[in-house]
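Keep a pencil handy and work through the exercises below at your own pace. Try each task before you read its solution.

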Amino acid sequence: QSLTFLFPGQGSQHVNMALDLYESEPVFRQTLDQCASILGDRFPLLAALYPPPLTHSRSAEPTSKPNHPLTHTANAQPALFAIEYALAKTYLSWGIEPQAMIGHSIGEYVAACVAGVFSLEDALTLVLRRGQLMQRCKPGSMLSVLQPAEVVRSHLPPTVEIAVINSPQTCVISGPTEVIEELKTQLETQTIPCRLLETSHAFHSALMESALAEFKQVLQQVVLHSPTIDIISNVTGTWLTDIEATSPDYWMRQLRQTVLFSQGITKLLTLNNPVFLELGPGHTLTKL
């Protein structure tokens, strides 16, 4: 069997995610506490994940309150990273080791950290800054469309892009809110199923470009290593090379370019008897 760890991206986070594990699994708790300690005052991780009034309500509902800290990109990214990394360390402590890994957008950072591309300290710094810089970008919208990316691409105006290719039959488009809303109306009149994603920004589009230069400066201060476990790249949809993994330019492009998740899964399906294990707060990638 070829076990692949899947690390989901933004959107699956919610208050009290993995609280039972935090209370019952020593390795999970130690790892999450370690992440919280490294982040320190830069981001109060445990307070954001497990706010006191909710601690005993066991609320597993996704956060829909617009003012909750985890709905903000700047907070969602480090919170998700920490939960997914703690899950990975827990499985590894049980002797469950992956032959390959794939992450969806921010999830690729978890895969890279598990594979030793960057230290946990550096990974948390990168993820925190990535989220903050993306949050500062001009707002926009994202629309999931039940149609192959090649078909959708041919109808897009210049300001809208394919942000994510999740499966051969679906994609997500990203761009200015008013243009995305017009497109939604057009698609609905053609009875093409589509839905707006709960997001404040147009990720993986030109609206992210104002974050790139500053993010590259942060990347240049980090030591990057070749991965010790095979990782699928979101940027290429195939195996991440040592040259890419150790290049600040690659990680800068990963913030901006289309997430080729579908192509990555297709590649993983060529492994011998592939088994997929999603390490995150839901089953978003398993559904895909």
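Here are six exercises on this chain, each with a worked solution.

A note before starting: this is a predicted model, in which local features need pLDDT of at least 70 and side-chain atom pairs count only at pLDDT 80 or more, while totals for chains, interfaces and linings use all residues. Residues are numbered from 1 along each chain as its sequence is written, and side-chain values use heavy atoms, with hydrogens and water left out.

**Exercise 1. The whole chain**

Task: Describe the make-up and overall dimensions of the protein chain.

Solution:
- Step 1. Begin with the elements: the protein chain has 13 helices and eight strands. Helices (H or I, at least four residues) and strands (E, at least two) are DSSP runs, numbered from the N terminus.
- Step 2. Compare the radius of gyration with the globule rule: it is 18 Å, close to the 19 Å that the rule gives for 288 residues, so the chain is as compact as a globular protein of that length. The radius is taken over C-alpha atoms, and the rule is 2.2 Å times the number of residues to the power 0.38.
- Step 3. Now fit a box along the principal axes: the C-alpha atoms fill roughly 55 × 45 × 40 Å.

**Exercise 2. Inside, outside and charge**

Task: Work out how much of the protein chain is buried, what its surface consists of and how its charges lie.

Solution:
- Step 1. Of the 288 residues, 53% are buried. Buried means under 20% relative accessible area, exposed over 50%, and partly exposed in between (1.4 Å probe, protein chains only).
- Step 2. Look at contacts (heavy atoms within 4.5 Å). Among those between residues at least 6 apart in sequence, 76% join residues at least 24 apart.
- Step 3. The accessible surface comes to about 12800 Å², with 54% of it belonging to carbon and sulfur atoms. The areas come from the Shrake-Rupley method with a 1.4 Å probe; for residues, only the protein chains shown count as cover.
- Step 4. For charge, Lys and Arg count as positive and Asp and Glu as negative, without His and the chain ends. Each charge is placed at NZ of Lys, CZ of Arg, CG of Asp or CD of Glu. The mean positions of the 17 positive and 25 negative charges are 3 Å apart.

**Exercise 3. Strand β1 and its partners**

Task: Which faces of β1 are covered, and to which strands is β1 joined?

Solution:
- Step 1. In a regular strand the side chains alternate between the two faces of the sheet.
- Step 2. Sort β1 that way: S2, T4 and L6 lie on one side, L3, F5 and F7 on the other, and all are buried. Six of the six residues in β1 (residues 2-7) are thus accounted for as buried.
- Step 3. Find the pairings, where two strands pair if DSSP finds at least two bridges between them. Five bridges join β1 to β8 (residues 274-278), running parallel, and L3 has V275 as its bridge partner there.
- Step 4. Four bridges join β1 to β2 (residues 100-103), again parallel, and F5 has M101 as its bridge partner in β2.

**Exercise 4. The β4–β5 hairpin**

Task: Trace how β4 is placed and paired.

Solution:
- Step 1. Six of the seven residues of β4 (residues 161-167) are buried, so the strand is largely enclosed by the rest of the structure.
- Step 2. Four bridges join β4 to β5 (residues 170-175), and the two run antiparallel. E161 stands opposite S174 in β5.
- Step 3. The strands form a hairpin with two residues between them.

**Exercise 5. Positive phi angles**

Task: Is N16 buried or exposed, and what is the state of N273?

Solution:
- Step 1. N16 is found in the loop between β1 and α1 (19-24), and has a positive phi of about 65° although it is not a glycine. Its relative accessible area is 5%, so N16 is buried.
- Step 2. N273 sits in the loop between α12 (261-268) and β8, with a positive phi near 45°. At 43% relative accessible area, N273 is partly exposed.
- Step 3. A glycine example is G116, which follows α5 and has a positive phi near 80°. Eight of the eight residues of α5 (residues 107-114) are buried.

**Exercise 6. Loop residues and distant partners**

Task: Locate E209 and T241, and give a C-alpha distance for each.

Solution:
- Step 1. E209 is in the loop between β6 (194-196) and α9 (212-219) and is partly exposed at 43% relative accessibility. E209 and R256 are 47 residues apart in sequence and 7.0 Å apart in space, C-alpha to C-alpha.
- Step 2. T241 is in the loop between β7 (230-232) and α10 (242-245) and is partly exposed at 37%. T241 and I231 are 10 residues apart in sequence, with 8.6 Å from C-alpha to C-alpha.
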